[in-house]
Amino acid sequence: MTVNSSVKKPNRGSCFRFTFPYRVYEKTSDQSEIKSPKYITEKLRAKRIDGKVLVAEDEPVSRRLVKRMLEISGYEVLLAEDGEQAVAMYKTHSDIALILMDVQMPHLDGLGATEMIRKLESVSRS
């Protein structure tokens with residue numbers, strides 16, 4: 001995982017790049033559980049973040065896929081179905097290190113949720 005962020009240009013945001021290990025498995029008679037890779041690359045271990053990853057995504061399939069990929073890489077994942085849940089989880093979990101936020105979600109979209117979380121961050125730093 002790499003991060004590029006500029007503090008000199010406000011409201012520009014940050015760019016995150018992720019690499020996840022991927023293996024194709026042959027079909028087995030029991031498809032009830034997807035088998036995970038038996039290794040985590042040294043590159044992923046070296047770039048590990050400390051803390052939980054909050055994933056805010058309203059689409060159930062995407063939410064499960066991202067959760068599974070992060071867990072395979074050794075991350076602890078919290079899931080939110082919309083922006084309201086993401087803000088509530090942020091308030092109750094002080095060990096969140098990274099938030100992956102969908103932009104379009106019901107109740108409160110990702111931009112609104114991010115704005116609320118940034119306000120909470122600025123209050124906690126004061």
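**Exercise 1. Is histidine 107 buried or exposed?**

Solution. The structure is a predicted model, in which local features need pLDDT of at least 70 and side-chain atom pairs count only at pLDDT 80 or more, while totals for chains, interfaces and linings use all residues. Residues are numbered from 1 along each chain as its sequence is written, and side-chain values use heavy atoms, with hydrogens and water left out.

Step 1. Apply the classes: buried means under 20% relative accessible area, exposed over 50%, and partly exposed in between (1.4 Å probe, protein chains only).
Step 2. Histidine 107 has a relative accessibility of 63% and therefore counts as exposed.
Step 3. Locate the residue: histidine 107 lies in the loop between β5 (96-101) and α4. Helices (H or I, at least four residues) and strands (E, at least two) are DSSP runs, numbered from the N terminus.
Step 4. Examine the backbone: although histidine 107 is not a glycine, its phi is positive, at about 70 degrees. Most residues other than glycine have a negative phi.

**Exercise 2. State the order of helices and strands along the protein chain.**

Solution.
Step 1. The protein chain holds four helices and five strands.
Step 2. Read along the sequence, the pattern is β-β-α-β-α-β-α-β-α.
Step 3. Of the 126 residues of the protein chain, 25% count as buried.
Step 4. A contact means heavy atoms within 4.5 Å. Among contacts in the protein chain between residues at least 6 apart in sequence, 58% join residues at least 24 apart.

**Exercise 3. Describe the largest nonpolar core and the surroundings of alanine 56.**

Solution.
Step 1. A nonpolar core is a set of buried Ala, Val, Leu, Ile, Met, Phe, Trp, Tyr and Cys residues joined through side-chain atoms within 4.5 Å.
Step 2. The largest such core has 12 residues, including Ala56, Ala80, Val87, Met105 and Ile117. Two or more residues each come from β3 (52-56), β4 (77-80), α3 (83-92) and α4 (110-125). The largest share of this core, three residues, belongs to α3.
Step 3. Apart from this core lies another, of seven residues, among them Ile49, Val53, Leu70 and Val77.
Step 4. Alanine 56, placed in strand β3, is buried, with a relative accessible area of 1%. Leaving out residues up to four places away in sequence, alanine 56 touches Ala80, Ala86, Leu100, Met101, Asp102 and Met105.
Step 5. With the same exclusion of residues up to four places away in sequence, valine 87 touches Leu108, Ala113, Met116, Ile117 and Leu120.

**Exercise 4. Analyse the salt bridges of lysine 52, arginine 63 and lysine 67.**

Solution.
Step 1. A salt bridge is a side-chain nitrogen of Lys or Arg within 4 Å of a carboxyl oxygen of Asp or Glu. By this rule the count is five.
Step 2. Lysine 52 and glutamate 76 meet at 3.8 Å, N to O. Lysine 52 lies in strand β3 and glutamate 76 in the loop between α2 (60-72) and β4, so this pair ties together parts 24 residues apart in sequence. Lysine 52 is buried at 13% relative accessibility, whereas glutamate 76 is partly exposed at 49%.
Step 3. Arginine 63 and glutamate 81 meet at 3.9 Å, N to O. Arginine 63 is in helix α2 and glutamate 81 in the loop between β4 and α3, so the parts tied together are 18 residues apart in sequence.
Step 4. Lysine 67 and glutamate 71 meet at 2.9 Å, N to O. Both residues lie in helix α2, four residues apart, about one turn of the helix.
Step 5. Salt bridges that share partners join Lys52, Glu76 and Asp95 into one network.
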